[in-house]
Amino acid sequence: MRHRNSAHLRPAYRIQNPHGQVQHPINAGLNSPRDNIVDQDEDPISGSKILYHPVIDESGTIRNGRFPLPEKPDGPTQIDELMSLWAATLDEDATPPFADHLDLYSTLDDIKCGDLPWSDFSISFKGDLPNDGLNAPPWMTKSYDVWYRNPRTFNREIDYAPLQEFGPDGKRVWSNLMSGNWAWQQADKIAQDPKTHSALFVPVILGSDKTTVSVATGQNDYYPLYASLGNVHNNVRRAHRGAVSIIGFLSVTKADRQYAEDPLFRRFRRQLFHESLCAILEPLRKGMTTPEIVRCPDGHLRRVIYGLGPYIADYPEQVLLGCIAQGWCAKCTAQRHDLDGDSGWRSNEHTELLMESLDDNTLWSAYGIVADRLPFTSDFPRADIHELLAPDLLHQIIKGTFKDHLVTWVGEYLTIVHGAARAAVVMADIDRRIAAVPSFPGLRRFPDGRGFKQWTGDDSKALMKVYLPAISGHVPPRMVRALSAFLDFCYLVRRNIINEATLDAIDDALARFHRDRIIFEEVGVRSHGFSLPRQHSMMHYRFLIEMFGAPNGLCSSITESKHIKAVKEPWRRSSHFHALGQMLTTNQRLDKLAAARSDFKARGMLFGPCLAPHITRKVAVPPPSQLDLDVWRSLDDVATSSGPRDLSYRVTLGRTKARKYPANIGDISRMIGQPHLHDLIHKFLLHQLYPNAQNLDPPPIPAYPKLDRRIDIYHSAVATYYAPSDHSGINGMLRQRIRATPVWRHGPPRRDCIFIEKDDTLVGMRGLHTAQVLLFFSCQFRKVVYPCALVRWFLPVSDMPCEDTGMWVVEPELNPDGSRALSVIHLDCVLRSAHLIGFYGEDLLPPGNIESLEVFERFYISKYSDHQAHELAF
C-alpha cells in the first residue's frame with residue numbers, strides 16, 4: 001500500500017503498515033540466552049564494581065555475524081550453476097536444496113523471521129507556484145518518495161537498565177551508552193510518571209548520511225537512515241554484528257543549478273528532511289509515553305518505554321538537524337567568529353523563546369538559527385536534538401581536525417617559510433620518511449608517501465601513526481608539540497573504556513593543543529584565528545563522554561561502514577535501473593536470512609556438515625577455529641579473537657615450523673650470522689633452572705648442553721591480549737602476529753620489535769624493555785620445552801620521553817667491544833609487538849628503500865601504533 005501525501009510546512013500524514021502490527025525492538029527474535037539483570041556485581045578480573053549491569057552474551061555468530069558476499073554479483077545464472085554443481089555431489093535420487101534461483105528467492109521471501117516490510121510515502125511542494133504554475137522550477141512540481149520500515153523491530157544483546165560503573169579505585173568509569181549520565185537522567189524522568197515508573201528504557205540511536213554509489217555512471221546518491229538500540233554495547237555495535245539496521249531511505253532532493261541556492265528550495269529541502277524523520281519515527285511516539293509489554297530475551301515480560309537517543313551525524317548533517325546556519329555550533333550558543341569563547345547550551349526551549357522574541361534576521365545573525373522550522377525532535381517527548389547530537393570522531397577529529405586542518409597547515413607553513421620549490425623538496429622528504437617506517441602488524445604502509453588524492457578515514461588513521469616522527473626536524477618544536485597534544489587527545493577519546501583519570505588527561509591534552517596551536521597563527525597560516533566548528537567540537541567531548549559514554553560507540557564510521565553492506569553492495573547487485581526497489585528487496589532478504597540463521601542455530605540445526613554423507617567421508621573439514629586461523633594467517637598480521645576476556649598477555653609460537661634449517665646449533669649460528677647462539681642458549685637455560693644463582697662454579701649446566709632434540713625454528717609468534725579500544729573481538733581480545741623472517745614479501749628480512757616486561761610495579765615504559773626479535777625457536781632440555789626468542793636490546797637515551805613528541809627515544813644497547821647486546825629470552829616475558837620509528841633529525845633521507853632498524857642510531861617508540869600500545873607504554 002502506498003501512501004501519498006503532500007507537504008509544505010506540516011503535512012497531515014496517514015501512514016499505515018500494510019502487514020499489520022509489527023513486533024517491538026526487544027520482542028521475538030532476541031536470541032541472547034545469557035541476558036540477566038545484576039543489581040550489583042564485581043568484575044572478577046579487574047575488581048570494578050558495576051551497578052545494574054547485565055551479562056553480555058559471549059557467543060559469537062558465524063563470521064562475526066556477517067554474511068560474506070562474493071566479489072562479483074550472484075545473479076540468477078551463478079545461482080543456477082551453483083545448484084547444478086551441488087546436484088553433481090549428490091546421489092542419483094537426491095536433489096539440491098533449491099531447484100534454481102527462483103526457488104531460492106521464493107524460499108527467502110517466505111521466511112517469517114526478521115520480516116520487516118518496506119513502506120513509502122511521498123511529499124511534494126504545496127506552496128504557491130510562480131506564474132500560476134507556468135515555467136515553475138521542476139523541484140516544485142516533483143513528488144519525493146521516502147521509503148521506510150518500522151524502527152521498532154530490533155534484536156541484540158541489551159542492558160536492561162542505566163548503570164553507573166566504578167573502577168577498583170572507586171572512581172567512575174564510562175563505556176556504553178547506558179553507563180552515561182543521559183540514560184540515567186532519562187530513567188529519572190520516566191520514573192517521575194506513575195504510569196511509566198519502573199519501565200525498561202529503550203533509546204533508539206539514529207544516524208543518517210548521504211552516500212554516492214557511482215560517479216562514472218551518473219551521480220547516484222542515496223540517503224540511508226540507520227537505527228540501533230542504545231542498550232546495545234559499543235563493542236557489539238562496532239563489530240558489525242547486525243546491531244545497526246537500515247530503516248529508511250530519505251529522498252535526495254536536487255534542483256537545477258540555477259535554483260540550487262534558491263532560499264525557497266533550501267527551505268523546502270530542510271522541511272522535507274525533518275517531516276520525513278517525523279513520519280518514519282511516528283510508530284515510536286505512543287510507546288514513548290505509554291509502556292508496552294515486551295517479552296525479553298531472558299523470557300521475562302517487561303514494560304518498555306522508548307525514547308530518541310543520540311543522533312550520529314557529520315557536521316553538515318548536524319547543521320541540518322539543528323536548523324542552524326553553517327559555521328555555527330549545533331550544541332552551544334558560541335558566536336560564529338569566536339566559537340571557543342563563552343557560551344551556553346542550545347535547546348529546543350531556548351530556540352522557541354528566541355523565535356517568539358526576535359525577528360528572523362536577528363535570529364540568523366546573532367544566534368545562527370534558521371527560523372522557518374523547529375527540529376524534528378520538538379515533536380517527540382523527552383527529545384532535544386541539540387542535546388542528542390553525538391560526538392563524531394571520524395569527521396570532527398580524524399578527518400576534520402587532523403587531515404583537513406593540521407596536515408594541511410603543515411604544508412602551508414612549509415610553503416610560507418621555504419617557498420613553493422623548497423617546500424616540495426621537504427614534503428618529498430616527509431613522504432620518504434613515512435615510506436621508511438618499519439612494518440608493524442596492522443599498519444597500513446605508504447610506499448609512495450601520503451601523496452594520494454582520495455583520502456578515507458582509514459588513510460587518516462594510518463597516517464596518524466607515523467606522521468609525527470616524519471615532520472619532526474622540518475617544523476618548529478612548538479608545532480610538533482601541538483600535533484603531539486592533538487594525537488594524545490584523539491587516542492584518549494577513542495578509548496573504549498574511559499575513567500576519571502582519562503577525562504583529566506583529555507582536558508590536559510586539549511589545553512596543551514590550544515596553547516601550542518598558536519604557532520600556526522604566529523607564522524601566518526591561520527592569521528584569522530581558529531574559529532572552526534570541527535575543532536571547536538573538541539571542547540564538548542568531556543561533557544559528551546559523561547553523557548553518552550565512550551564516543552567510539554557513536555562514531556559515524558559505524559554508519560559509513562554500514563553503507564557498504566546496506567547500500568553499495570545491493571546497488572552493485574542490481575540492474576542499476578530503478579535500483580532502489582531491488583536494493584530494498586536485497587536488504588529485506590539478507591535480514592530474513594540473518595534472522596533465520598540465528599533461529600536455526602538456537603534450535604541446534606546448524607551443527608555438522610551440509611554435504612552428502614559419501615562426500616563428507618572423503619573431505620576432511622577442519623574445525624571453525626582452525627579455518628578462521630588459516631584465513632587470518634593468509635590475510636594479515638592482526639585479527640580479532642572471539643575468545644573470552646583475559647587481561648593477561650599470551651605469546652605463543654606460530655603453528656608452522658620453518659623449513660630448510662640445519663639440526664645442529666653451530667650450523668644454525670652460522671646460517672643466521674650469530675656465532676654466540678650456543679652461549680646465549682646456555683645462559684638462558686642456566687637462568688631458567690637456577691634463576692637466583694649467580695657465578696656458580698662449577699656451572700650446573702655444561703657450556704654446551706645436550707638438548708633432548710633438535711631446535712625448531714619459527715618465523716613468527718602470535719600475541720593475544722585484551723585491546724577493547726582497537727578493532728578487537730566481541731570480548732575485546734586481539735591477536736597480533738610478530739614476525740622474524742629472513743625474507744618478507746620477496747624482499748629484505750622483517751624482524752619486528754617487542755615489549756618485554758621488566759617490572760610490573762612501574763607504570764608505562766619505566767616498567768618495560770624494548771627489543772628486536774632476530775629468531776623464534778623452541779628447544780627441549782631435561783624434558784621441558786622452552787619457547788624462546790633471540791633478541792637484541794634497546795636502551796632509553798633519557799629517563800623521560802621526548803619533550804616535543806611525547807615519545808620515548810631509544811638506541812641500540814652495545815657490548816664493551818661495540819657489538820650489539822643479544823639475549824635468548826622466554827616468550828612468557830614478552831607482552832606484544834612494539835613499533836620503533838627512526839629518529840630522522842633535520843637531514844634529508846636519500847631516495848630508495850631504507851631498512852630503518854638497521855640504519856638509524858636512535859628510534860622513537862611509537863605510542864600511536866595502536867590504542868593498546870598508547871595505554872600500555874605511555
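**View A. The side chain of Thr 377 and the backbone nitrogen of Ile 385.** In this predicted model, a polar atom of the Thr 377 side chain lies 3.0 Å from the backbone nitrogen of Ile 385. A polar contact is a pair of N or O atoms within 3.5 Å; within protein, one atom must be able to donate a hydrogen and the other to accept it, and residues adjacent in sequence count only if both atoms are side-chain atoms. Thr 377 belongs to the loop between H10 and H11; helices (H or I, at least four residues) and strands (E, at least two) are DSSP runs, numbered from the N terminus. With a relative accessible area of 1%, Thr 377 is buried, where buried means under 20% relative accessible area, exposed over 50% and partly exposed in between (1.4 Å probe, protein chains only). Apart from neighbours within four places in sequence, Thr 377 is in contact with Leu 308, Asn 348, Ala 383, Asp 384 and Ile 385; contact means heavy atoms within 4.5 Å. Residues are numbered from 1 along each chain as its sequence is written, and side-chain values use heavy atoms, with hydrogens and water left out. As the model is predicted, local features need pLDDT of at least 70 and side-chain atom pairs count only at pLDDT 80 or more, whereas totals for chains, interfaces and linings use all residues.

**View B. Surroundings of Val 370 in the loop between helix H10 (360-367) and helix H11 (385-388).** Val 370 counts as buried, at 8% relative accessibility. A separation of 7.6 Å lies between the C-alpha atoms of Val 370 and Asp 360, which are 10 residues apart along the chain. Not counting residues up to four places away in sequence, Val 370 touches Arg 270, Cys 323, Ile 324, Ala 325, Met 355 and Trp 364. Of these, Cys 323 follows just after helix H8 and takes a positive phi of about 55 degrees.

**View C. Helix H8 (residues 315-322) and its enclosure.** Because 6 of its 8 residues are buried, helix H8 is largely enclosed by the rest of the structure. The buried residues are Tyr 315, Glu 317, Gln 318, Val 319, Leu 321 and Gly 322.

**View D. Arg 149 and its polar partners.** Arg 149 is found in the loop between strand S5 (143-148) and strand S6 (165-166). At 2% relative accessibility, this arginine counts as buried. The Arg 149 side chain reaches the backbone oxygen of Ile 246 at 2.9 Å and makes a polar contact with the side chain of Asp 591 (2.6 Å). Not counting residues up to four places away in sequence, Arg 149 touches Leu 116, Pro 117, Trp 118, Ile 246, Ile 247, Gln 588 and Asp 591.

**View E. Aromatic pairs, including that of Trp 118 with Phe 249.** Rings of Phe, Tyr and Trp (its six-membered ring) pair if their centres lie within 6.5 Å; planes under 30 degrees apart count as stacked, over 60 as edge-to-face and the rest as tilted. This rule gives 21 aromatic pairs. The ring centres of Trp 118 and Phe 249 are 6.0 Å apart and the planes stand at 45 degrees, so this pair is tilted. Trp 118 lies in the loop between helix H2 (101-110) and strand S4 (119-124), and Phe 249 in strand S11 (residues 245-250), so the pair ties together parts that are 131 residues apart in sequence. Both residues, Trp 118 and Phe 249, are buried. Elsewhere, Phe 402, Tyr 467, Phe 486 and Phe 513 are linked into a cluster by ring pairs.

**View F. Arginine side chains over aromatic faces.** A charge sits over a ring if NZ of Lys or CZ of Arg is within 6 Å of the ring centre and within 35 degrees of the ring normal. Arg 285 lies over the face of Phe 380, at 4.5 Å from the ring centre. Tyr 160 has Arg 302 over its face, at 4.1 Å from the ring centre.

**View G. Strand S26 (residues 830-834) beside strand S21 (residues 753-757).** S26 is mostly covered, with 5 of its 5 residues buried. S21 and S26 pair in the antiparallel sense over 4 bridges; two strands pair if DSSP finds at least two bridges between them. Opposite Cys 753 stands Ala 834 in S26.

**View H. Confidence along the chain.** The mean pLDDT of the protein is 83, and 83% of its residues reach 70 or more; pLDDT is the predictor's confidence in each residue, from 0 to 100. Over residues 1-46 the pLDDT is below 50, and this stretch has 134 contacts in the model beyond near neighbours in sequence. Residues 623-635 also stay under 50, with 14 contacts beyond four places in sequence.
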